[in-house]
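Biologist: Before I use this model, I would like each label in it traced back to its cut-off. Please take my questions in turn.

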Amino acid sequence: MRVTAAVMEEKCGAFNIDTVELDTPQAEEVLIKIVATGICHTDLHARDGYFPMPYPGVYGHEGAGVIAAVGSEVEHLAPGDHVVISFPWCGECEHCHEGRRAYCRRGSELKSRGTRADGSTTMRRAGAPVYASFFQQSSFATFALAPARDVVKVRRDAPLDLLGPFACGIQTGAGAVLNVMLPEPGKSLAVFGAGSVGLAGLMAAKVAGCDPIIAVDIRANRPALASALGATHLIDNAREDTVAAIRRITGGGAHFTLETSATPAVFRQAVDCLLTRGTCVLVGSARRGTEVSFEMSTLQAGRTVRGAIQGDSRPDQFIPHLVDLFVDGRFPIDRLVTFYDFAEINRAAADAVAGTTIKPVLRMPQ
């Protein structure tokens, strides 16, 4: 079928809105009419050549829409269902069998190789392949193909155009808190980087009853929003001694820190400000080869430093939970979102890089 997609023709280029041919669903796939899709910095990393995916390519991995058709072996989804497309997992490796889908041993290739798991391409233009299947969806298009196991059915009374970011950035930040840290009420938590992932973690900390909740950032447009979403304290990392400030606020150090910036110096701060036996969770995505160092005595004092992918989430369970929190008014993702028409994708990407927009969401023409 003919669909409209935002095609990246070359490394670091501009998105080109064009018509491409999209396959029909295979037996275990579904076809989704995309209503809206978030732009994540991972999409922009793909644009800029961080991954081995060839050009021309179509990205997008925070798609939300309505099922248009299902493959012959799909039983749990049907046309008309409202869905969010989350991250891919193979279903066969040890991590998938253990329920740790975010750590699938084929996860990286399924996300960024540009083909289905079997190596076939789903998009063509003038007979030549367009590399898609980014996160096994490529939702920067009016329709997307995805493996049915990656697709999460959501309640119909939730605004579908707001739900795409739950697929990646929002569940990454929220899951780092609710699935990995598992803080008890009253524990202190500091978030380093008040972008969409960090603010999702901050909202999750409020849901969990953390206190104090500290937001650390350098951008002038972030403190007021962080405060409205639950931060009890705000720190300007460009002007203050952040480690000293957190130790002062918490009376010795934070129980938990969430590092979203992927900046080595900031990661070091997030570890250095921990209380003895505190935990730092890294979710920021850095280029391969990026290194960071800590004093060995810092870790010897019972502190834990670990990474987490996709919030350590089982999306079929966690995304509906987050949507319920949103509908109940306890997880106001709408405060993060700025909508753009699909044709404005390059402006939306520029605003995301500049930090003037926290979470850009593209609305598809209907």
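Biologist: How much area does the protein chain expose, and what share of it do carbon and sulfur atoms supply?

Modeller: The protein chain exposes about 14,900 Å², and carbon and sulfur atoms supply 48% of it. Accessible areas come from the Shrake-Rupley method with a 1.4 Å probe, and for residues only the protein chains shown count as cover. This is a predicted model, in which local features need pLDDT of at least 70 and side-chain atom pairs count only at pLDDT 80 or more, while totals for chains, interfaces and linings use all residues. Residues are numbered from 1 along each chain as its sequence is written, and side-chain values use heavy atoms, with hydrogens and water left out.

Biologist: What makes the protein chain as compact as a globular protein of its length?

Modeller: The globule rule is 2.2 Å times the number of residues to the power 0.38, and the radius of gyration is taken over C-alpha atoms. For 366 residues the rule gives 21 Å, and the protein chain has 20 Å, which is close, so the chain is as compact as a globular protein of that length. Its C-alpha trace spans about 60 × 40 × 35 Å along the principal axes.

Biologist: How many helices and strands are there?

Modeller: The protein chain has eleven helices and 18 strands. Helices (H or I, at least four residues) and strands (E, at least two) are DSSP runs, numbered from the N terminus.

Biologist: Why is H82 called buried?

Modeller: Buried means under 20% relative accessible area, exposed over 50%, and partly exposed in between (1.4 Å probe, protein chains only). H82 has 17% relative accessibility, so it counts as buried. H82 sits in strand β6, residues 82-85. Leaving aside neighbours within four places in sequence, its contacts (heavy atoms within 4.5 Å) include G65, V66, V152 and L160.

Biologist: Is R314 buried, partly exposed or exposed?

Modeller: R314 has 30% relative accessibility, so it counts as partly exposed. R314 is in the loop between β16 (304-307) and α10 (315-327). Beyond its neighbours within four places in sequence, R314 touches G99 and R101.

Biologist: Why does A6 count as buried?

Modeller: The relative accessible area of A6 is 0%, so A6 is buried. A6 belongs to strand β1, residues 2-8. Setting aside neighbours within four places, A6 is in contact with residues including F15, I17, V58, F140 and F342. Over the protein chain, 55% of the 366 residues count as buried.

Biologist: How do you know that C104 is in no disulfide?

Modeller: A disulfide is a pair of cysteine sulfur atoms within 2.5 Å. A search of the whole structure finds zero disulfides. For C104 the nearest cysteine sulfur is that of C90, 3.5 Å away, and C104 is in no disulfide. For C280 the nearest is that of C273, 7.7 Å away, and C280 is in no disulfide either. C104 has 7% relative accessibility and therefore counts as buried; C280 has 0% and is therefore buried.

Biologist: Which residues of helix α8 are buried, and what do they pack against?

Modeller: In α8 (residues 264-272) the buried residues are V266, F267, Q269, A270, V271 and D272. They pack against elements including β11 (189-192), α7 (242-250), β14 (254-259) and β15 (274-282).
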